[in-house]
Amino acid sequence: MHVPLIRTFREDMASREEKTKRTNRVLRISQLDALELNKALEQLVWAQFTQCFHGFKPGLLAHFEPEAKAFLWLFLWRFTIYSKNATVGQSVLNIQYKNDFSPKQRYQPPSKNQKLWYAVCTIGGTWLEERCYDLFRNRHLASFGKARQCVNVMVGLLKLGGLINFLIFLQRGKFATLTERLLGIRSVFCKPQSVREVGFEYMNRELLWHGFAEFLIFLLPLINIQKLKAKLSSWRIPLIGAPNGDSTLATSGKQCSLCGEWPTMPHTIGCEHIFCYYCVKSSFLFDMYFTCPKCGTEVHSLQPLKSGIEMSEVNAL
């Protein structure tokens, strides 16, 4: 009776461990994003470094550019991979390197030798390639012809190996670079990642709101808001009646019927109400069927006010 229970328990534990590994497995896109973040950081650091030589003689930095880059990348390596077991891009994405050669199931950081060889393969390899390229470019001696061909063959083989490794990485999802595969270091999560749960209720609410917003964006330009407002205002005034003070001000020409301020260059549209020239002109250009918001009179003609307002009336206000 106890043997089947123990076997079932072990199978259950094994299935849980396998599920946990699949859940915590670093995605390919995350590993590629980490590489792109590393490249972006290197470009940013190099751009800041070159600004320090902006005021010096042009071409001064070009003589020792490979050494300067190697020194900067070595400085970054010291405070990222060597001390924290992860690059800057990996730290942003909650990823770090693990010693894949270790037989233990628990997390084992890369050994010191693996970190040193990582610096030699990445920083030293890049420096050697750039320095050899500069030497072969500046010297035209026949004795360097064979050495140049050997270096080109080696670089081509490394590029081919990187391409093959990348194709294998796309299939299996481990070791994004050839250096990681040769040294046996792979990317793992710093903290266990939980299974992502999608809230469909929230997504449905967002889709509904975005659909309603797009409908409003399509519908509002087709509605003449100003004309609708004027029509509602003309319907409201006969029902509730306009205050005597407002009617007196509008009739006497001391208030624009649109902006409610003292009329600037007062004009009329054929009714007893007064408007600023710019207010009524812009409204008429916006809507050719513009009507007076006070009485609903359509615009027959835009005429300046003939009888001016006395200065005594202005002072009386």
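Residues are classed here by relative accessible area, determined with a 1.4 Å probe and protein chains only: buried means under 20%, exposed over 50%, and partly exposed in between. The structure is a predicted model, in which local features need pLDDT of at least 70 and side-chain atom pairs count only at pLDDT 80 or more, whereas totals for chains, interfaces and linings use all residues. Residues are numbered from 1 along each chain as its sequence is written, and side-chain values use heavy atoms, with hydrogens and water left out.

Secondary structure was assigned from DSSP runs numbered from the N terminus, with helices (H or I) of at least four residues and strands (E) of at least two. Strand 1 spans residues 95-99, and five of its five residues are buried, so this strand is largely enclosed by the rest of the structure. Two strands are taken to pair if DSSP finds at least two bridges between them. By this criterion, strand 1 pairs with strand 2 (residues 185-189) in the antiparallel sense, over five bridges. Within this pairing, K98 has R186 of strand 2 as its bridge partner.

R186 also takes part in side-chain contacts of opposite charge. A salt bridge is defined as a side-chain nitrogen of Lys or Arg within 4 Å of a carboxyl oxygen of Asp or Glu. The structure holds four salt bridges. One of them joins R186 and D100, with an N to O distance of 2.6 Å. This pair connects distant parts of the chain, since R186 belongs to strand 2 and D100 to the loop between strand 1 and helix 6, 86 residues apart. R186 is partly exposed at 22% relative accessibility, and D100 is likewise partly exposed, at 27%. Together with K174, D100 and R186 form a network of salt bridges.

Helix 3 contributes to two further salt bridges. E65 and K69 meet at 3.3 Å, N to O, and both lie in helix 3, four residues apart, about one turn of the helix. E65 is partly exposed, with 26% relative accessibility, whereas K69 is buried, at 18%. The side chains of E67 and R131 meet at 2.6 Å, N to O. Here the link is between distant parts of the chain, with E67 in helix 3 and R131 in helix 6, 64 residues apart. E67 counts as partly exposed at 32% relative accessibility, while R131 counts as buried at 17%.

Internal and open spaces were located on a 1 Å grid over the protein atoms alone: a cavity is a set of points where a 1.4 Å probe fits but cannot get out, a pocket is an open set with protein on both sides within 12 Å along at least five of seven lines, and lining residues have an atom within 4 Å of a point. Grid points are joined across faces, edges and corners, and a volume is the space filled by probe spheres set on the points. The largest pocket holds about 1,700 Å³ of space. Of the 44 residues that line this pocket, C121, T122, I123, T126 and T179 are the closest to its centre. Helix 6 (112-138) supplies the largest share of the lining, 12 residues. At least two lining residues each come from helix 2, helix 3 (65-79), helix 6, helix 7 and helix 8 (178-183).

Two cavities of 30 Å³ or more are present, and the largest has a volume of about 50 Å³. Residues lining the largest cavity include Q31, N38, Y97, E180 and S187. Its largest lining share, four residues, is provided by helix 2 (residues 28-51).

On the surface, V153, L157, L160, L163, I164, F166, L167 and L170 make a nonpolar patch of about 730 Å². Patches consist of residues with over 30% relative accessible area and no salt bridge, with nonpolar side chains (Val, Leu, Ile, Met, Phe, Trp, Tyr) joined within 5 Å and like charges within 9 Å. Accessible areas come from the Shrake-Rupley method with a 1.4 Å probe; for residues, only the protein chains shown count as cover. L167 of this patch lies in helix 7 (residues 145-172).

Positive phi values occur in residues other than glycine. Phi of F175 is near 60°; F175 is placed in the loop between helix 7 and helix 8 and is buried, at 9% relative accessibility. Phi of M265 is near 50°. M265 lies in the loop between helix 11 (244-252) and strand 3 (267-268) and is partly exposed, at 44%.
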